[in-house]
Amino acid sequence: MPKGLRRWYGGGDLHYITCSCYGRQPFLGSASRRDLFLKIFEEVRQKYEFQVVGYVVMPEHIHLLIGEPDDGSVAVIMQVPSNGCRGNAVPGPTPGWRKLLRQPSDIPRSYDFNVFSQKKVAEKLDYIHWNPVKRGLVASPELWRWSSYRYYALGEDGPVKIEG
């Protein structure tokens with residue numbers, strides 16, 4: 001956890017989470033790996049029954065805006081996708097899916113920010129949805145299919161159920 005960062009759980013807050021792939025490597029650089037991550041993330045959402053407000057899967061990191069599961073354990077939500085991916089066959093060389101969303105100890109592996117206001121929800125969703133554009137991966141956010149943008153802008157359901 002980054003120095004000075006405090007996280008509060010159990011209060012029913014939304015959490016804005018940024019999590020990097022191991023060594024900031026582009027382990028989510030292919031469409032098939034991003035699809036697999038979202039498939040597993042949706043399975044985790046169903047199992048632990050938490051709210052997903054927004055997400056984006058980038059080649060080397062993810063951003064999530066999620067609610068807490070009933071037991072308040074956001075950590076479990078983040079462990080299951082990375083651990084669950086390792087057992088799946090993914091084309092091409094992999095670093096070991098267990099390490100997918102983990103960093104060496106000297107680099108923070110994730111950032112978790114409690115979101116208390118609608119203004120912050122809008123700010124975080126805007127950042128999430130425009131991240132692929134800022135990175136030059138697409139010209140506009142609706143072209144990046146590994147994001148919740150199309151749900152909000154076009155009313156389309158994606159691989160992860162959104163409760164905005």
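The questions and answers below go through a predicted model, from its overall layout to single residues.

User: In what order do the helices and strands of the protein run from the N terminus on?

Analyst: In this predicted model, the secondary structure of the protein comes to 4 helices and 4 strands. Read from the N terminus on, these elements follow the order β-α-β-β-α-β-α-α.

User: What percentage of the contacts in the protein with a separation of 6 or more is accounted for by residues 24 or more positions apart?

Analyst: The protein has 164 residues, of which 45% count as buried, and its accessible surface comes to about 8,500 Å², with 51% of that area belonging to carbon and sulfur atoms. Among the contacts with a separation of 6 or more, the share that comes from residues 24 or more positions apart is 71%.

User: Which strand is joined to E1 by 6 bridges?

Analyst: Strand E1 covers residues 14-20, and 7 of its 7 residues are buried, so the strand is largely enclosed by the rest of the structure. Leu 14, Tyr 16, Thr 18 and Ser 20 point one way from E1, while His 15, Ile 17 and Cys 19 point the other way, and the residues of both groups are buried. The 6 bridges in question are made with an antiparallel partner, and this partner is E3.

User: Which residue in E3 is the bridge partner of Cys 19?

Analyst: Cys 19 is one of the residues that point the same way from E1 as His 15 and Ile 17, and its relative accessible area of 5% makes it buried. E1 and E3 run antiparallel, and across this pairing the bridge partner of Cys 19 is Ile 62.

User: Why is there no disulfide between Cys 19 and Cys 21, and how far is the sulfur of Cys 19 from that of Cys 21?

Analyst: Both residues are buried, Cys 19 with a relative accessible area of 5% and Cys 21 at 0% relative accessibility. A disulfide would need the two sulfur atoms within 2.5 Å, and a search of the whole structure finds 0 such bonds. The closest cysteine sulfur to that of Cys 21 is in Cys 19, and the closest to that of Cys 19 is in Cys 21, but the separation is too far for a bond because it is 7.9 Å.

User: How many residues lie between E2 and E3 in the hairpin?

Analyst: Strand E2 is mostly covered, with 6 of its 6 residues buried, and 5 bridges join it to the antiparallel strand E3, residues 61-66. Within this pairing, Tyr 55 stands opposite Leu 64 in E3. E2 and E3 form a hairpin, and the number of residues between them is 3.

User: What is the approximate phi of Glu 49?

Analyst: Glu 49 is found in the loop between helix H1 (31-48) and strand E2 (52-57), and it is exposed, with a relative accessible area of 56%. Most residues other than glycine have a negative phi. Glu 49 instead has a positive phi, with a value near 50°.

User: How far apart are the C-alpha atoms of Val 76 and Val 44?

Analyst: Val 76 has its place in helix H2, residues 74-85, and at 23% relative accessibility it counts as partly exposed. Val 44 and Val 76 are 32 residues apart along the chain, whereas the separation of their C-alpha atoms is 9.2 Å.

User: Which residue has its backbone nitrogen 2.9 Å from a polar atom of the side chain of Ser 147?

Analyst: Ser 147 is found in the loop between helix H3 (118-134) and helix H4 (149-154), and at 5% relative accessibility it counts as buried. Leaving aside residues up to four places away in sequence, Ser 147 touches Tyr 55, Val 56 and His 129. The backbone nitrogen at 2.9 Å from its side-chain polar atom is that of Tyr 149.

User: What is the geometry of the aromatic pair formed by Tyr 151 and Tyr 152?

Analyst: A search of the whole structure finds 4 aromatic pairs. In the pair of Tyr 151 and Tyr 152, the centres are 5.1 Å apart and the planes stand at 90°. Tyr 151 is partly exposed at 29%, as is Tyr 152 at 34%. With planes over 60 degrees apart counting in this class, the geometry of the pair is edge-to-face.

User: Which residues do ring pairs link into a cluster?

Analyst: A pair of aromatic rings is described by the distance of the centres and the angle of the planes. The cluster that ring pairs link together consists of Phe 37, Phe 41 and Phe 50.

How values were computed: Residues numbered from 1 in each chain as written. Predicted model: local features only at pLDDT ≥ 70, side-chain atom pairs only at ≥ 80, totals over all residues. Heavy atoms only, no water. Helix = DSSP H or I, 4+ residues; strand = E, 2+ residues; numbered from the N terminus. Buried < 20%, exposed > 50% of the residue type's maximum accessible area, 1.4 Å probe, protein only. Pairing = 2+ DSSP bridges. Contact = heavy atoms within 4.5 Å. Areas by Shrake-Rupley, 256 points an atom, 1.4 Å probe, with all protein chains shown as cover. Polar contact = N/O pair within 3.5 Å; in protein donor to acceptor, adjacent residues only side chain to side chain. Phe/Tyr/Trp six-rings, centres within 6.5 Å; stacked < 30°, edge-to-face > 60°.
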